[in-house]
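Subject: Structure for you to look at

Hi,

Here is the structure I promised to pass on. Please have a look at it first, and then read my notes below.

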Amino acid sequence: MNISEKVQELLKSKKCKGMGQNEIAEKIGISPSVLSKLCSGNSKAPSADTVVKIATYFNVSTDWLLGLSSIPRNCSECIITEVYNTKM
C-alpha cells in the first residue's frame with residue numbers, strides 16, 4: 001500500500017467522520033490542495049513536513065506512512081509483537 005492509499009484509508013477513520021477534505025486538511029495543518037493531490041496520487045512525494053503532520057494528526061508512524069514499517073503506531077508493545085512474530 002502506498003502513501004496515497006494509506007492516507008485515503010486514514011480519511012475513512014472515525015476521526016474524520018462527517019468532515020470534508022478541506023476541514024481535515026486545516027486540522028492537519030496542510031493545504032487542501034496538498035491533501036487532494038496526495039489522495040489522488042497526482043503529486044510528487046510529499047514533503048517531510050507534510051508526512052510528519054499527517055502522522056501526528058492520525059497518530060501513526062512516519063515509517064508506516066512511507067512504507068518502511070508494517071506497524072502503523074509507534075509503540076513498544078507493537079515492536080515487541082512484531083519482533084516476536086518475526087522470530088517464530
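The chain has six helices and zero strands, and along the sequence these follow the pattern α-α-α-α-α-α. Please keep in mind that this is a predicted model. Of the 88 residues in the chain, 30% are buried. Taking the contacts between residues at least 6 apart in sequence, 46% join residues at least 24 apart.

**The core**

The largest nonpolar core has 21 residues. Those with the most contacts inside this core are Val7, Leu11, Ile24, Leu35, Ile54, Phe58 and Leu65. Two or more residues each come from H1, helix H2 (21-28), helix H3 (32-40), H4 and helix H5 (62-65). Helix H4 gives the largest share, with five residues. As background, nonpolar side chains tend to be buried together in soluble globular proteins.

**Val7 and the H1/H4 packing**

A good place to begin is Val7, which is found in helix H1 (residues 3-11). Is Val7 buried or exposed? Its relative accessibility is 1%, so Val7 counts as buried, the cut-off being under 20%. Leaving out residues up to four places away in sequence, Val7 touches Leu35, Leu38, Cys39, Ile54 and Leu65. One of these partners, Ile54, is 47 residues from Val7 in sequence, yet the C-alpha atoms of the two are 8.2 Å apart in space.

Val7 and Ile54 also both take part in the meeting of H1 with H4. From H1 come Ile3, Val7, Leu10 and Leu11, and from H4 (residues 48-58) come Val51, Ile54 and Phe58. By class, this contact has seven nonpolar residues, with no polar and no charged ones. The two helices pack at an angle of about 30 degrees, and their axes are 11 Å apart. The crossing of H1 and H4 is left-handed.

**Leu65 in H5**

Another residue to click on is Leu65, in helix H5. Leu65 has a relative accessible area of 1% and is therefore buried. Which residues does Leu65 contact, leaving aside its neighbours within four places in sequence? The list runs to Ile3, Lys6, Val7, Leu10, Val51, Ile54, Ala55 and Val60. Among them, Ile3, Val7, Leu10, Val51 and Ile54 also belong to the contact between H1 and H4. Leu65 and Ser4 are 61 residues apart in sequence, and their C-alpha atoms lie 8.9 Å apart in space.

**Thr50 in H4**

Thr50 sits in helix H4. With a relative accessible area of 9%, Thr50 is under the 20% cut-off and so counts as buried. If residues up to four places away in sequence are set aside, Thr50 touches Ile30 and Val34.

**Salt bridges**

How many salt bridges does a search of the whole structure find? The search gives two.

- Glu9 and Lys12 meet through their side chains, at 3.4 Å from N to O. Glu9 counts as partly exposed because its relative accessibility is 42%, while Lys12, at 64%, counts as exposed.
- Lys53 and Asp49 form a salt bridge as well, with a distance of 3.2 Å from N to O. These two are four residues apart in helix H4, so about one helical turn separates them. Lys53 is partly exposed at a relative accessible area of 28%, and Asp49 is partly exposed at 45%.

**A backbone detail**

Finally, please look at Asn59, in the loop between H4 and H5. What is the phi of Asn59? Phi is near 55 degrees, a positive value in a residue other than glycine. Asn59 has a relative accessible area of 53%, which is over 50%, so this residue counts as exposed.

If you would like a short route through the model, I suggest going from Val7 to its contacts Ile54 and Leu65, and then to the salt bridge between Lys53 and Asp49. Asn59, in the loop between H4 and H5, makes a good last stop.

Best wishes

How values were computed
Residues are numbered from 1 along each chain as its sequence is written. This is a predicted model: local features need pLDDT of at least 70, side-chain atom pairs count only at pLDDT 80 or more; totals for chains, interfaces and linings use all residues. Side-chain values use heavy atoms; hydrogens and water are left out. Buried means under 20% relative accessible area, exposed over 50%, partly exposed in between (1.4 Å probe, protein chains only). Contact means heavy atoms within 4.5 Å. Axes are lines fitted to C-alpha atoms, for helices over the stretch in contact, and angles run from 0 to 180 degrees between N-to-C directions. A crossing is left-handed if the near helix is turned anticlockwise from the far one by less than a right angle, and right-handed if clockwise. Ala, Val, Leu, Ile, Met, Phe, Trp, Tyr, Cys and Pro count as nonpolar, Asp, Glu, Lys and Arg as charged, and the others, Gly among them, as polar. A salt bridge is a side-chain nitrogen of Lys or Arg within 4 Å of a carboxyl oxygen of Asp or Glu. A nonpolar core is a set of buried Ala, Val, Leu, Ile, Met, Phe, Trp, Tyr and Cys residues joined through side-chain atoms within 4.5 Å.
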